[in-house]
Amino acid sequence: MSDTNQRIADIVGANDVTLFMKGTPLFPQCGFSSRAVAILDHCGVAYDSVDVLQDMEIRQGIKAYSDWPTIPQLYVKGEFVGGSDIMMEMFEAGELQQMLDEKQVAKAS
């Protein structure tokens with residue numbers, strides 16, 4: 001496993017919910033990242049974010065790690081969920097909240 005893959009695996013494994021995004025939750029740098037943050041905030045879960053614009057190795061490595069070509073990327077309990085479109089579909093169907101509840105993800109404080 002490459003150093004970058006190991007770094008990503010460590011980040012994903014350290015948090016119940018991790019969002020790899022462009023920017024930060026307070027200052028998202030693209031509309032898709034903004035939508036992902038809004039969905040997670042609405043679900044009321046605690047999550048960690050990684051600004052891929054600050055680290056080019058992570059920005060490229062996360063795409064290979066998940067075999068998914070776009071950012072943002074959501075991980076829950078170490079499992080890749082998807083990007084903002086999949087998050088939106090799951091959210092609208094009630095599936096995202098259900099998954100977060102079933103996996104007993106910590107609520108935002």
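The following exchange examines how terms are applied to this predicted model.

Me: On what basis are residues numbered and features accepted here?

Reply: Residues are numbered from 1 along each chain as its sequence is written, and side-chain values use heavy atoms, with hydrogens and water left out. Because this is a predicted model, local features need pLDDT of at least 70 and side-chain atom pairs count only at pLDDT 80 or more, while totals for chains, interfaces and linings use all residues.

Me: What makes β1 and β3 paired strands?

Reply: Strands (E, at least two residues) and helices (H or I, at least four residues) are DSSP runs, numbered from the N terminus. Two strands pair if DSSP finds at least two bridges between them. Strand β1 (residues 17-21) is joined to strand β3 (residues 73-76) by 4 bridges, and the two run antiparallel; by the definition, therefore, they pair. In β3, Gln73 is the bridge partner of Phe20.

Me: What makes β3 and β4 a pair as well?

Reply: Their 3 bridges, in the antiparallel sense, meet the requirement of at least two. Across this pairing, Leu74 stands opposite Gly82 in β4. The two strands form a hairpin with 2 residues between them, and Lys77 in the turn has a positive phi of about 50°.

Me: Why are β2 and β4 called edge strands?

Reply: The open sheet has 4 strands in the order β2-β1-β3-β4, with mixed pairing. Strands β2 (48-51) and β4 (79-82) each pair on one side only. From one strand to the next, the twist averages 25°.

Me: Which helices lie across the sheet strands, and at what angles?

Reply: Helix α3 (residues 56-66) lies across β1, β2, β3 and β4, running at about 60° to β3. Helix α4 (residues 84-93) lies across β1, β3 and β4, at about 85° to β4. Axes are lines fitted to C-alpha atoms, for helices over the stretch in contact (heavy atoms within 4.5 Å); angles run from 0 to 180 degrees between N-to-C directions.

Me: How do you know that the buried residues of α3 line one face?

Reply: Buried means under 20% relative accessible area, exposed over 50%, and partly exposed in between (1.4 Å probe, protein chains only). The buried residues of α3 are Ile58, Gly61, Ile62 and Ser66. Seen down the axis of α3, they fall within an arc of 115°, so they line one face of the helix. The arc is that of the directions from the helix axis to the C-beta atoms. Their cover includes α1, β1, β2, β3 and β4.

Me: Why is the pair Glu57 and Arg7 called a salt bridge?

Reply: A salt bridge is a side-chain nitrogen of Lys or Arg within 4 Å of a carboxyl oxygen of Asp or Glu. The N to O distance of this pair is 3.5 Å, so the criterion is met. Glu57 lies in helix α3 and Arg7 in helix α1 (residues 3-14), so the pair ties together parts that are 50 residues apart in sequence. Salt bridges that share partners join Arg7, Asp55 and Glu57 into one network. A search of the whole structure finds 6 salt bridges.

Me: What makes Lys77 and Asp16 a salt bridge?

Reply: Their closest N and O atoms are 3.4 Å apart, and the definition therefore applies. Lys77 is partly exposed at a relative accessible area of 38%, and Asp16 is also partly exposed, at 28%.

Me: Why does Asp85 count as partly exposed?

Reply: Its relative accessibility is 45%, which lies between the two limits, so the term applies. The side chains of Asp85 and Arg35 meet in a salt bridge at 2.9 Å, N to O.

Me: How do you know that Gln73 is buried?

Reply: Gln73, in strand β3, has a relative accessible area of 0%, so it satisfies the definition of buried. Residues that Gln73 touches, not counting those up to four places away in sequence, include Thr18, Ile62, Trp68 and Phe80.

Me: What makes the approach of Gln73 to Tyr75 a polar contact?

Reply: A polar contact is a pair of N or O atoms within 3.5 Å; within protein, one must be able to donate a hydrogen and the other to accept it, and residues adjacent in sequence count only if both atoms are side-chain atoms. The side chains of Gln73 and Tyr75 make such a contact at 3.2 Å. The side chain of Gln73 also reaches the backbone oxygen of Thr70 at 3.0 Å.
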